[in-house]
Amino acid sequence: MVTHGSESYFVIGEGLLGESIGGRNGGPPDGAAATAASFSATAASVPPFRFSRMGPNGAGKQLGEPNRKKLGDAMAVPGGGQGQIPAGFTYLGQFIDHDLTFDKTNVMLGANVTPAQLLQARSPSLDLDSLYGAGPGDPASAKFYEADGLHLKTGKSINPTKNGFDLPRGAGNTAAKKRKAIIPDPRNDENLAVAQTHTAMIRFHNRVVDTQLGAVPPAQKFAKAREIVTKHYQWMIRSDYLPRICRPGVVNDVFNNGRKAFEVGATPTDVPTMPIEFSVAGFRLGHSMVRAGYNWNINFDNGDGTLPLLFEFSATGGGLGGETRLLTIWVADFRRLYDFSEANRPNLTVPPGKFNHAMRIDSRIVNPLQHLPPQTIALPNSTPGNDVRRNLAFRNLTRARMVRLATGQQMATFLKNRGVNVTKLTKTQIRDGNGGADLGALTQTQRQAVLRDTPLWFYVLREAELNNGQLKGVGARIVAETLHRAMEGSTHSIVRDTAFAPSLGPNSSTFRMVDLLLFAFEGKKALLNPNG
Ligand code: HEM
């Protein structure tokens with residue numbers, strides 16, 4: 001079963017680093033370090049996903065288990081409130097994460113691929129392979145496509161039936177098989193919000209196929225559509241998503257002046273790696289944006305679209321409420337997740353009280369994330385709700401220990417030495433934050449350890465909460481540099497193709513998520529919100 005996190009990290013130059021948080025068959029017992037040998041069977045058959053270390057090794061600076069438990073609990077106390085970012089961007093972030101960390105070898109037919117392709121397949125890129133798999137020409141990915149080999153399959157929601165509003169789902173003789181989404185990355189069916197984001201991306205691709213390929217010779221149509229889709233998606237990430245979550249000055253500096261910390265001077269087309277500082281800390285910022293409840297649509301209003309229900313009405317995080325297709329009453333109202341007044345479409349807006357903002361980016365996560373659905377983390381369904389392995393904050397902190405991740409302080413020093421302008425947080429700032437996690441329940445010794453050797457994930461979240469809910473300093477730099485490199489190393493790349501200008505938005509320099517949705521849903525209210 002595909003779950004969220006990597007259970008082991010192959011770090012280039014270091015080999016396999018691993019420690020199970022529990023739940024995996026055959027994994028070492030909780031807390032026990034895995035040896036490289038315990039993963040060697042996998043490592044021998046296929047190249048592992050390519051992680052790297054951007055900064056220094058944090059050996060000797062990791063928090064012990066009792067401290068991680070206390071800190072994880074402190075982070076799961078609600079209170080930071082909501083921020084300014086529309087809630088749809090939370091799940092766009094999750095979709096981006098899955099695109100980056102997608103291991104294409106899961107959907108490639110081994111016999112068809114060269115060693116070079118295998119390497120590329122296990123590398124982070126922003127190529128939408130979580131949408132396209134290995135393409136319609138690869139026998140193992142053909143199932144994601146219509147018979148024309150151009151359109152991506154769409155799904156139907158039910159009662160009443162509506163085409164194109166659910167992920168395509170399976171057939172077979174059991175409910176579980178029928179429910180299973182036919183998409184390359186099942187993680188995109190882990191909750192309804194990310195599943196509906198994936199559904200929108202399917203529509204986006206199909207509409208590009210329908211409207212943009214007039215003069216393109218048949219043999220090149222798919223490749224051209226994918227190029228148009230991918231470059232617009234990257235443009236949207238660079239110009240809309242990133243400056244919302246990261247201080248815009250940092251994003252502009254990285255994209256205009258280049259990287260200073262990560263794979264500096266790499267040959268652009270070389271296969272990129274994924275820094276563990278991004279994967280285990282920086283980009284887990286999205287966990288703090290998740291809300292406990294959403295004004296989801298007219299049927300599940302006023303917070304009734306709770307996070308547990310969004311898990312349930314997916315097929316990886318739940319069981320589609322016992323159905324085998326999504327019920328139409330659960331289809332998203334995108335007007336409540338993205339602000340279409342940005343695109344001058346006041347007729348596609350909802351009253352402020354109905355709109356969903358993401359939670360502020362800070363050192364708190366909402367309570368349901370303290371009790372993750374066991375099946376999403378490969379734990380038995382009987383695992384008690386208060387089992388610490390179900391606390392996402394504890395898991396994130398434990399992963400950091402497993403890979404001996406650099407602390408916030410180590411990364412600040414490292415970045416300064418690379419000429420990045422960052423100001424290290426003071427101990428007082430780390431202790432007090434700004435309305436984030438309260439460290440009061442930690443013992444004096446535990447607190448001192450946290451203030452001295454601050455886990456990187458916690459550090460970047462404290463930086464953000466002291467900056468009005470936006471990453472700055474260490475966090476902003478790690479995220480912007482990693483995404484820059486992932487775009488640069490992608491087959492289609494707006495970093496390499498500097499002449500690219502978007503053609504599907506209002507003008508040749510603008511393409512935001514609202515523009516993507518307007519294009520995908522034909523600008524129609526009845527499609528952006530079919531429930532009325
Ligand atoms: C309801 C929403 C979400 C849930 C339930 C969730 C859950 C998880 C879980 C269980 C893990 C693995 C933890 C571990 O054992 O190491 C994980 C990893 C991760 N998550 Fe999330 N997550 C959510 C949203 C997000 C968002 C919005 C982002 C970013 C914007 C994000 C970024 C990441 C990253 C970067 C990782 C590590 C890399 C990976 O394996 O994908 N997640 N998440």
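This is a selection-by-selection tour of a predicted model, starting at the iron site and ending in the loops. Residues are numbered from 1 along each chain as its sequence is written. Local features need pLDDT of at least 70, side-chain atom pairs count only at pLDDT 80 or more, and totals for chains, interfaces and linings use all residues, while side-chain values use heavy atoms, with hydrogens and water left out.

**Iron site**

Select the iron atom of the ligand and His 287. NE2 of His 287 is the single protein donor to this iron, 2.2 Å away. Donors are N, O and S atoms within 2.8 Å of the metal (3.2 Å for Na, K and Ca); water is not among the atoms, so sites may look incomplete.

His 287 sits in the loop between α10 (276-281) and β9 (293-294). Helices (H or I, at least four residues) and strands (E, at least two) are DSSP runs, numbered from the N terminus. With 22% relative accessibility, His 287 counts as partly exposed. The classes are buried for under 20% relative accessible area, exposed for over 50%, and partly exposed in between (1.4 Å probe, protein chains only).

Now show what surrounds His 287. Leaving aside neighbours within four places in sequence, His 287 is in contact with Ile 365, Leu 369, Leu 392, Asn 396 and Trp 457. Contact means heavy atoms within 4.5 Å. Add Thr 90 as well: its C-alpha is 8.3 Å from that of His 287, although the two are 197 residues apart in sequence.

**Helix α8**

Select residues 221-245, which form helix α8. Its 25 residues reach 35 Å from first C-alpha to last, close to the 36 Å expected at 1.5 Å a residue. The expected span is 1.5 Å times one less than the number of residues. Center on Ile 237, where α8 bends by about 40 degrees; the bend is the angle between axes fitted to the seven residues ending there and the seven starting there. Of the 25 residues in α8, 20 are buried, so the helix is largely enclosed by the rest of the structure.

**Helices α17 and α9**

Keep Ile 237 displayed and add Leu 483, which belongs to helix α17. Leu 483 is buried, at 0% relative accessible area. Not counting residues up to four places away in sequence, Leu 483 touches Ile 96, Leu 100, Leu 126, Ile 237, Leu 242, Phe 278 and Phe 283. Of these, Leu 100 is 383 residues from Leu 483 along the chain, with 8.9 Å between their C-alpha atoms.

Next select α9 (residues 248-257) together with α17 (residues 473-488): they pack at an angle of about 35 degrees, with axes 9 Å apart. Axes are lines fitted to C-alpha atoms, for helices over the stretch in contact, and angles run from 0 to 180 degrees between N-to-C directions. The crossing of α9 past α17 is right-handed, meaning that the near helix is turned clockwise from the far one by less than a right angle.

To see the interface, show Val 250, Val 251, Asp 253, Val 254 and Phe 255 in α9; they meet Ala 476, Arg 477, Ala 480, Glu 481, His 484 and Met 487 in α17. Asn 252 is also in α9, and counts as partly exposed at 34% relative accessibility. Not counting residues up to four places away in sequence, Asn 252 touches Arg 238 and Asn 257.

**Loops**

Go to Asn 188, in the loop between α6 (175-179) and α7 (192-212). Its relative accessibility is 0%, and Asn 188 counts as buried. Beyond neighbours within four places in sequence, contacts of Asn 188 include Phe 95, His 98, Ser 130 and His 198.

The loop between α11 (307-312) and β11 (357-359) holds Gly 317. Gly 317 is buried at 5% relative accessibility. Its contacts, leaving aside neighbours within four places in sequence, are Asp 189, Glu 190, Phe 311, Pro 373, Gln 375 and Thr 376. In the loop between α11 and β11, also select Leu 320. Leu 320 has a positive phi of about 50 degrees although it is not a glycine, and at 1% relative accessibility it counts as buried.

Asn 468, in the loop between α16 (456-465) and α17, is another non-glycine residue with positive phi, near 60 degrees. Asn 468 counts as exposed, at 68% relative accessibility.

Last, select Asn 159 and Pro 160: the peptide bond from Asn 159 to Pro 160 is cis, with omega near -5 degrees. Pro 160 is in the loop between β6 (155-157) and β7 (162-166).
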